[in-house]
Amino acid sequence: MVFAKSCALDYTVLYVSACNLDQSPDRSSLPPMMYFFYGTLCDSDVRRLILGYRPSPRQLRPARLPGFRRKRARGRSYPVLVRAPGGRVDGLLFRPRPGDAARLDAYEGPEYLTRALPVCRNGSRGPARARVFLPAGSGLSATFDDWQLRRWQRRDKAAFLRSLHHQGPMPCASR
């Protein structure tokens with residue numbers, strides 16, 4: 001079940017209930033589903049810290065999520081996605097290794113849930129389905145400001161990394 005809260009300028013912040021998480025049959029023999037990174041995980045230093053390794057070029061590919069915009073979360077330095085017809089969000093498609101999903105879930109914490117959405121792979125013919133972190137409840141609202149990785153890296157990255165380092169070997173959601 002998906003809940004939506006309308007914001008000004010026709011943006012809608014999505015909230016996904018826990019009952020809408022992957023209810024498909026056990027597919028443990030299949031490769032793990034890919035993730036779409038659109039925020040702080042697009043930064044190589046954050047990825048290395050969260051995953052505990054630097055993903056190989058085969059694990060990361062440029063990609064685009066259609067129908068959304070990336071906005072700064074109110075009172076936070078990181079982004080949230082808002083539904084925006086005709087919009088698109090550039091990011092990275094990530095193929096996880098065993099154990100990565102647990103680390104990513106711990107990092108994003110209870111503020112986010114994942115939902116499988118179609119993502120356009122740069123240079124590929126068709127879309128791929130990837131897990132995308134969406135706000136889990138009304139605690140995360142979007143500002144009117146577009147979130148930009150380069151701006152975040154200049155203004156907020158240093159403090160953000162210090163915060164993660166203080167959280168120990170497996171940083172989690174209290175960013």
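Let's start at A101, which sits in helix α2. One caution before going on: this is a predicted model. So, is A101 buried or exposed? Neither label fits, because A101 has 32% relative accessibility and counts as partly exposed. Now look along the chain. A101 and M33 are 68 residues apart in sequence, and their C-alpha atoms are separated by 9.5 Å.

Stay with α2 for a moment. Which of its residues are buried? They are D100, L104, Y107 and E108. Look down the axis of α2 and these buried residues fall within an arc of 90°, so they line one face of the helix. What covers them? The cover includes two helices, α1 and α4. It also includes the strands β3 (34-37), β5 (79-94), β6 (112-121) and β7 (127-135).

Next, the end of α2. The helix is followed by G109. The phi of G109 is positive, near 65°. Then comes E111, in the loop between α2 and β6. E111 counts as partly exposed, because its relative accessibility is 22%. The cut-off for buried is under 20%. In space, the C-alpha of E111 lies 8.3 Å from that of L134, and the two residues are 23 apart along the chain.

Let me step back to the whole protein. How many helices and strands are there? The count is 4 helices and 8 strands. From the N terminus, the order is β-β-β-α-β-β-α-β-β-β-α-α. The protein has 175 residues, and 45% of them are buried. Now take the contacts between residues at least 6 apart in sequence. Of those, 70% join residues at least 24 apart.

On to helix packing. Two packed helices are described by the angle between their axes and the distance between the axes. I have two pairs to show, and α1 is in both.

Pair one is α1 with α2. Their axes come within 9 Å and cross at roughly 110°. That makes α1 roughly perpendicular to α2. Which residues meet? From α1, they are V46, L49, I50 and L51. From α2, they are D100, R103, L104 and Y107. By class, this contact has 6 nonpolar residues, no polar ones and 2 charged ones. Two names come back from earlier: L104 and Y107 are also among the buried residues of α2.

Pair two is α1 with α4. Here the axes are 11 Å apart, and the angle is about 5°. That makes α1 roughly parallel to α4. On the α1 side, the contact is made by D45, V46, L49 and I50. On the α4 side, K157, F160, L161, L164 and H165 take part. The classes come to 6 nonpolar, 1 polar and 2 charged residues.

Now α4 itself, residues 157-166. Its buried residues are K157, F160, L161 and L164. Seen down the axis of α4, they fall within an arc of 95°, so they line one face of the helix. And what covers that set? The cover includes α1 (44-51), α2 (100-108) and α3 (149-155).

Pick one residue from that face. L161 lies in α4. L161 counts as buried because its relative accessible area is 15%, and the cut-off is under 20%. Which residues does L161 touch, leaving aside neighbours within four places in sequence? The answer is D45, V46 and L49. Take V46 from that list. V46 and L161 are 115 residues apart in sequence, yet 7.2 Å apart in space, C-alpha to C-alpha.

Last item, for anyone thinking about cysteines. How many disulfides does a search of the whole structure find? It finds 0. Two cysteines are worth pointing out on screen. C42 is buried, because its relative accessible area is 16%. C120 counts as partly exposed, because its relative accessibility is 28%.

To recap. Helix α1 is roughly perpendicular to α2, and roughly parallel to α4. The buried residues of α2 line one face of that helix, and the buried residues of α4 line one face of theirs. That's it from me.

Terms used
Residues numbered from 1 in each chain as written. Predicted model: local features only at pLDDT ≥ 70, side-chain atom pairs only at ≥ 80, totals over all residues. Heavy atoms only, no water. Buried < 20%, exposed > 50% of the residue type's maximum accessible area, 1.4 Å probe, protein only. Arc of directions from axis to C-beta. Contact = heavy atoms within 4.5 Å. Axes fitted to C-alpha atoms, helices over the stretch in contact; angles between N-to-C directions. Parallel < 35°, antiparallel > 145°, perpendicular 65-115°, else oblique. Nonpolar A, V, L, I, M, F, W, Y, C, P; charged D, E, K, R; others polar. Disulfide = S-S within 2.5 Å.
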